[in-house]
Amino acid sequence: MMPSALAPYADPVAVTFVVGGTALALLIRTPPADIGRAVRALATLGRRPFTAEDGLDQIAKLDRIARRHGVMTLDRSRIADPDIADAIAGIVDGAGPDIVGERLRHRCEARAERHLAAADMWGRSPNSPRCWA
């Protein structure tokens, strides 16, 4: 039961207008892919902060394997981090340090763009510009 003092604020039609209008405004100003990313990004709120220790440990282990058995054996390694896996694949394929570095920079920039688009959906005011100069 709802107290009679709150009854005027529990109008289902008003709630439908507010929620529907907000959703419509969101759909108009944000591309659907960004909305999906922003909603999926909410799952990361409960995660522990990122540390590079696990990745650095795995790189050190891969370095030891490559020194003992050769670079080609890294192709059989199971690598959890997609960026490290991409770098190792490039090394195994014979790419030089400049090419591997450029691939990693590209992946990092693409990830930053995706994350900014998701954060932009939650944090941008309706009158703020879409792009940064």
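These exercises work through helix packing, a nonpolar core, salt bridges and a surface patch in a predicted model.

**Exercise 1. Determine which residues of helix α2 are buried and on which side of the helix they lie.**

Step 1. Helix α2 spans residues 32-41. Its buried residues include Asp34, Ile35 and Ala38.
Step 2. These residues cover an arc of only 105° around the axis, so they sit on the same side of α2.
Step 3. Pro32 and Arg40 are exposed on the other side of α2.
Step 4. Now find the cover. Among the elements over the buried residues of α2 are α1 (12-29) and α5.

**Exercise 2. Identify the residues of the largest nonpolar core and the helix that gives the largest share.**

Step 1. The core has seven residues: Leu62, Ala66, Leu74, Ile79, Ile84, Ile88 and Val92.
Step 2. Assign them to helices. At least two come from α3 (53-69), and at least two from α4 (82-92).
Step 3. α4 gives the largest share, with three residues.
Step 4. Check the contacts of Leu74. Leaving aside residues up to four places away in sequence, Leu74 touches Leu62, Ile65, Ala66, Ile88 and Val92.

**Exercise 3. Explain the spacing of the salt bridge between Asp34 and Arg37.**

Step 1. The closest N and O atoms of Asp34 and Arg37 are 2.8 Å apart. The cut-off for a salt bridge is 4 Å.
Step 2. Both residues belong to helix α2. They are three residues apart, so about one helical turn separates them.
Step 3. Compare exposure. Asp34 is buried, at 8% relative accessible area. Arg37 is partly exposed, at 27%.

**Exercise 4. Find the salt bridges that link helix α4 to helix α5 through Asp83 and Asp86.**

Step 1. Asp83 pairs with Arg107 at 2.6 Å, N to O. This pair links distant parts of the chain: Asp83 lies in α4 and Arg107 in α5, 24 residues apart.
Step 2. Asp83 is buried, with a relative accessible area of 17%. Arg107 is partly exposed, with 28%.
Step 3. Asp86 pairs with Arg103, also at 2.6 Å, N to O. Asp86 lies in α4 and Arg103 in α5, 17 residues apart.
Step 4. Asp86 is buried, with 18%. Arg103 is partly exposed, with 31%.
Step 5. Extend the first pair. Asp83, Arg107 and Arg111 form a network of salt bridges.
Step 6. The salt-bridge count comes to seven.

**Exercise 5. State which residues make the nonpolar surface patch and where Trp122 is found.**

Step 1. Val39, Leu42, Leu45 and Trp122 make a patch of about 440 Å².
Step 2. Trp122 is found in helix α5 (residues 97-123).
Step 3. Trp122 has a relative accessible area of 48% and is partly exposed. Patch residues need over 30%.

Technical notes
Residues are numbered from 1 along each chain as its sequence is written. This is a predicted model: local features need pLDDT of at least 70, side-chain atom pairs count only at pLDDT 80 or more; totals for chains, interfaces and linings use all residues. Side-chain values use heavy atoms; hydrogens and water are left out. Patches are made of residues with over 30% relative accessible area and no salt bridge: like charges are joined within 9 Å, nonpolar side chains (Val, Leu, Ile, Met, Phe, Trp, Tyr) within 5 Å. Accessible areas come from the Shrake-Rupley method with a 1.4 Å probe; for residues, only the protein chains shown count as cover. A salt bridge is a side-chain nitrogen of Lys or Arg within 4 Å of a carboxyl oxygen of Asp or Glu. Helices (H or I, at least four residues) and strands (E, at least two) are DSSP runs, numbered from the N terminus. Buried means under 20% relative accessible area, exposed over 50%, partly exposed in between (1.4 Å probe, protein chains only). The arc is that of the directions from the helix axis to the C-beta atoms. Contact means heavy atoms within 4.5 Å. A nonpolar core is a set of buried Ala, Val, Leu, Ile, Met, Phe, Trp, Tyr and Cys residues joined through side-chain atoms within 4.5 Å.
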